[in-house]
Amino acid sequence: MSLNRVDHARRSFSFRLNLWYTAFLTVAFCSLFAAAYLVLASQIRQKDKEIIAAKLEECRAWFVAGGLGLMKDRFLNSGDNSQNAFMLRVVGINGQIQYFSIPLGWEESDRQQFEAAVRQSDPRWLELPSKNRRNEWIFARTRLSESLLLEIGKSRENPEEVLAPFRIVFSSVMAGAVLIGFLGGAWLTQRSFRPVRQVMQTARGIIETGQMSARVITPRTGDELDELVSLFNRMLEKNEALIRGMREALDNVAHDLRTPMARLRGTAEMALQSASDNPEACREALADSMEESERVLTMLKTLMDVSEAETGTMRLNSEPFDASSLVRDVLDLYQIVAEEKQVSLQAQAPEGLVLEADRIRLQQVLANLVDNALKYTPAGGRVEVSASADATRLWLAVKDNGMGIPEEELPRIWERLYRGDKSRSQKGLGLGLCLVKAVVQAHGGQVEVSSRPNEGSVFTVQLPRGRVGVKPAA
């Protein structure tokens, strides 16, 4: 393996996670060992203290039963070989030794150390190291009478020496456990982070090749990484759809701009050819040019509005207003158009349907729907605009009995610059319904359509009412 790959692996998050896991495992093992070690050492010391305390009580009982003589006799002739295991000393108040029994292993240096320690303090319990350092002495004292003190000591192996094999075994087991933990952690992290590496590989491949169709294989484990992969794939699908839509939109814009731009060029050329002898033709050419430029500007502005609404950057100036006034204003705006086309334009919007939203944008939505209805409704037809609401939602519906929309075209009517076969005979940019959907969704609502060919269409806008009960501004 090259140094670069080793360095990359060392800096990877999975490697650091494995190190954290191994460090935690090591600390946990060491903590458990330390706790067990302290408990064992404490129990060893406590056991020796219990033995000496029991011998103290036994000697005191002998003393109470028969005095110092009986106590010495019982101590020397006891079946547990006490005279070789315990140091026993009886001392008077004046420091005079009444009796002294020295056990096996007792050396003069131990005796001198013991007597020096007793002179310096008067402890009930005393622990002293022996000369060889492998053993240590533990002493206890109690009062036999007002004039006598009883001192009993016992040699024991140093708990540190007793527990030395335990430490060696633990060190060996600990080294193996840490190694196994590190290798097992490396395997687990590599396996767990496989979906993340697949996401990285897919993203790197998309960046290098530009192929948005690539997807990550979903692990189907039902955990957070499974959800991450699913969300990443959904994001790729969204991005692919957006890019495809942008390409289609650019193609459509280029196609739709070609005609007005060609007209502008042709009109300008005609004006230049007749500029010297026909001023009226120049003025007419300028008027045509302004009309075509206005068409182009309208298309571009609408596309910008759609993009802002879809990306969530459209500024909405929300304020409370009565939906019935919105319906009336839009119908007043199109009343003349309806009369020219001989189409009946009606409204059903009761007063008091208060809505908190951007009035100008919603007026644009309703105007586009009414304009479409009038455009595709023949003479003698009818267009109805209605409004209704409940406690939290408000509905605006535009119904006509015009040519209708074929079922196969219904899913595509919301796309940018899409125009059905029957609608190409009418003037339009193919952006009205796309803008309607984008603005409604920017308000947190939704728009639906139901239609049958030659029977008409119904467009329904559903909007949240915002702060229910708020009164419209005067």
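Two strands are taken to pair where DSSP finds at least two bridges between them. By this criterion, β1 and β2 pair in the antiparallel sense, over 4 bridges. One residue of β1, leucine 88, has serine 101 in β2 as its bridge partner. The model described here is predicted.

The protein has 474 residues, and 37% of them are buried. Its secondary structure comprises 12 helices and 12 strands. The exposed surface amounts to about 28400 Å². Carbon and sulfur atoms supply 55% of that surface. Among contacts with a separation of 6 or more, 63% link residues 24 or more positions apart.

Two sheets are described in turn. The sheet that holds β1 and β2 is open and has 5 strands. Their order is β2-β1-β5-β4-β3, and the pairing is antiparallel. β2 (97-101) and β3 (125-129) are the edge strands, each pairing on one side only. On average, neighbouring strands of this sheet are turned by 15° against each other, direction ignored. In general, the strands of a sheet pair through backbone hydrogen bonds, in either a parallel or an antiparallel manner.

Strand β1 covers residues 86-92. Because 7 of its 7 residues are buried, β1 is largely enclosed by the rest of the structure. Its side chains point in two directions. Phe86, Leu88, Val90 and Gly92 point one way, while Met87, Arg89 and Val91 point the other way. Both sets are buried, the arginine included. β1 forms a hairpin with β2, with 4 residues between the two strands. Glycine 95, in the turn, has a positive phi of about 90°. β1 is also joined to β5, by 7 bridges, and these two strands run antiparallel. Here valine 91 has leucine 149 of β5 as its bridge partner.

Leucine 149 appears again in the pairing of β5 with β4, where it is the bridge partner of arginine 143. Strand β4 (residues 135-143) and strand β5 (residues 148-157) run antiparallel and are joined by 9 bridges. β4 is in turn joined to β3 by 5 bridges, again antiparallel. Leucine 126 of β3 has phenylalanine 139 of β4 as its bridge partner. Leu126 belongs to an alternating pattern along β3. Leu126 and Leu128 point to one face and are buried. Trp125, Glu127 and Pro129 point to the other face and are not buried.

The second sheet is also open and has 5 strands, in the order β7-β9-β10-β12-β11. Its pairing is mixed. β7 (344-348) and β11 (446-452) stand at the edges. Each has a single partner strand, so one side of each is left without a neighbour in the sheet. Neighbouring strands here are turned by 10° against each other on average, direction ignored. The partner of β11 is strand β12 (residues 456-464), paired in the antiparallel sense over 7 bridges. Within this pair, serine 451 has serine 457 of β12 as its bridge partner. Helix α11 (residues 359-375) lies across β7, β9 (382-389), β10 (393-400) and β12. The helix runs at about 20° to β10.

Valine 461 lies in strand β12. Its relative accessibility is 2%; residues under 20% are classed as buried, so valine 461 counts as buried. Beyond its sequence neighbours up to four places away, valine 461 touches Val365, Leu369, Leu394, Trp395, Leu396, Val440, Gln446 and Val447. One of these, valine 440, is 21 residues away along the chain. The C-alpha atoms of the two valines are separated by 7.4 Å.

Val440 is also one of the buried residues of helix α12 (residues 432-442). The others are Leu433, Cys434, Leu435, Val436, Ala438 and Val439. Just after α12, glycine 444 takes a positive phi of about 85°.

A nonpolar patch lies on the surface of the protein, formed by Leu17, Leu19 and Trp20. Together these residues have about 280 Å² of accessible area. Leucine 19 is placed in helix α2 (residues 13-76). With a relative accessible area of 37%, leucine 19 is partly exposed.

Terms used
Residues numbered from 1 in each chain as written. Predicted model: local features only at pLDDT ≥ 70, side-chain atom pairs only at ≥ 80, totals over all residues. Heavy atoms only, no water. Axes fitted to C-alpha atoms, helices over the stretch in contact; angles between N-to-C directions. Buried < 20%, exposed > 50% of the residue type's maximum accessible area, 1.4 Å probe, protein only. Contact = heavy atoms within 4.5 Å. Areas by Shrake-Rupley, 256 points an atom, 1.4 Å probe, with all protein chains shown as cover. Patch = residues over 30% accessible without salt bridge, like charges linked within 9 Å, V, L, I, M, F, W, Y side chains within 5 Å. Salt bridge = Lys/Arg side-chain N within 4 Å of Asp/Glu carboxyl O.
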